[in-house]
Protein chains: 2
Amino acid sequence: MSKLSIVKVGGNVIENEAVLLPFLQGFANLSGPKILVHGGGKKASLWAERLGIPVQMNAGRRITDTDTLELITGIYAGQVNKSIVATLQGLDCNAIGLSGADGNAIQAIKRPIAAIDFGWVGDVASVNTPFFTQLLDQGLSPVCCALTHDGKGQLLNTNADTIASQLAVALSKQFDVNLYYCFEQLGVLQSLEDLDSLIETIDTKKYKELLDQKIIHQGMLPKMKNAFDALNQGVSKVAIGKPEMISSSIKHTSITL
Amino acid sequence: MSKLSIVKVGGNVIENEAVLLPFLQGFANLSGPKILVHGGGKKASLWAERLGIPVQMNAGRRITDTDTLELITGIYAGQVNKSIVATLQGLDCNAIGLSGADGNAIQAIKRPIAAIDFGWVGDVASVNTPFFTQLLDQGLSPVCCALTHDGKGQLLNTNADTIASQLAVALSKQFDVNLYYCFEQLGVLQSLEDLDSLIETIDTKKYKELLDQKIIHQGMLPKMKNAFDALNQGVSKVAIGKPEMISSSIKHTSITL
């Protein structure tokens, strides 16, 4: 099976030109088929403020009313996605930007209203594997934003970490998938106060220990869950760390079963 | 040669849900390969006002500074494009939204600064015909917004009418192309004050007469020029009229050589 790199990059990297440009250069230089998944939440919050649209978050997830959905569709699928795609094209990487609606790439189901009404938020229901495989076979590098659709005309806001892991799982039948979560830290830290306390390897046993000791902090919890879900469903390798890790030997956290 | 429909739809249609939905239904029902090209200028102007970004126009063309480019990238490639794509998916049309940067679909050259500096405005330099052909062969319907790129990382604002005619010309080597310009009127009118003064056919001779008599008004001039350019370069048929013309026998203006 040929290798496929799926790289997820978060808002802190995207907002920072000095970090984003070398990262995109590193992504462009990755050999073999590759997919980029990006967030954009920080910029969305800035624009919401400019426009007087209230930002409502619950446990790190954005509550998405109709105005917010319109706004983030502009930011995620428009500004952030097309700026990344144009930059990659300039770096000789034949990128193609996608929301989940494009080519019916990723369908989701609107999250049912329970204790919290998240609004236009969707949980991934299916990935159009043949569509992604065709694009990759044509030498294209999909750049996916954090939007899906319900197949009935409605766009939905979907967590970018989850999109990355669901893509990784779906494509692991045809590819040997390496999944990279890039953010502003070296990886999973033993202590958030000590930037040298990197945990270089986390396996299932270590994960349980960290959970028991409550060492994995809020923001990292869904990332770790996504990572183990992906490994349990056929993804070969998951790494969490700084964007440099995709193109250098910088230390990071490797997740294994 | 198989038939290809290229349909350009303007801002007045896009802003009006009551017109847009039946139009998209009509587009979804068109048989054979098809491409949609859309504007979005009216919405961009509304958002510019909300954000306090000055709108500068010259002869109907938007002067595009950096703030304006960021804004229209959000509106054209994000909000308008993805909302159309999601709606078409809901109508069983396998749409894929594209800017010119995606898959290196359409490259342009930044317009040189002459009497007027249009800013980040580009004139089409090349259409990636194999890319469009591949998408069409896969049963996908490209939905193109009015953005191109320079191949070096820069997005550019490009007139949607021109994108439609350039696509039509580029694809006329492989397809029997029918190009439709849809807007709010029945077609080219003899008198703007008389909605019944539709000119049903305009050939080269009639076009010259109308130009001499200064009957073709400002907004229509570039559309007509694009139409004749397209016909002179191999496009089979050009029609100008209401969006209903793509799916009904409503009167419109047919342009012929």
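Biologist: What makes E5(B) and strand E8 (residues 141-144) of chain B a pair?
Modeller: Two strands pair if DSSP finds at least two bridges between them; four bridges join E5(B) to E8(B), so the two count as paired. They run parallel, and B:Ile96 has B:Pro142 as its bridge partner in E8(B). Strands are DSSP runs of E, at least two residues, and helices are runs of H or I, at least four, numbered from the N terminus. Mind you, this is a predicted model: local features need pLDDT of at least 70, side-chain atom pairs count only at pLDDT 80 or more, and totals for chains, interfaces and linings use all residues. Residues are numbered from 1 along each chain as its sequence is written, with chains lettered from A and ligands numbered from 1 in the order in which they are written.

Biologist: Why is one side of E5 (95-98) and of E12 (201-202) in chain B left without a neighbour in the sheet?
Modeller: Both stand at the edges with a single partner strand each, so one side stays free of a neighbour. The open sheet runs E5-E8-E2-E1-E11-E13-E14-E12, with mixed pairing.

Biologist: Why is the crossing of H4(A) and H4(B) called right-handed?
Modeller: Right-handed means that the near helix is turned clockwise from the far one by less than a right angle (anticlockwise would be left-handed), and H4(A) passes H4(B) that way. The axes come within 7 Å and cross at roughly 115°; they are lines fitted to C-alpha atoms, for helices over the stretch in contact, with angles from 0 to 180 degrees between N-to-C directions.
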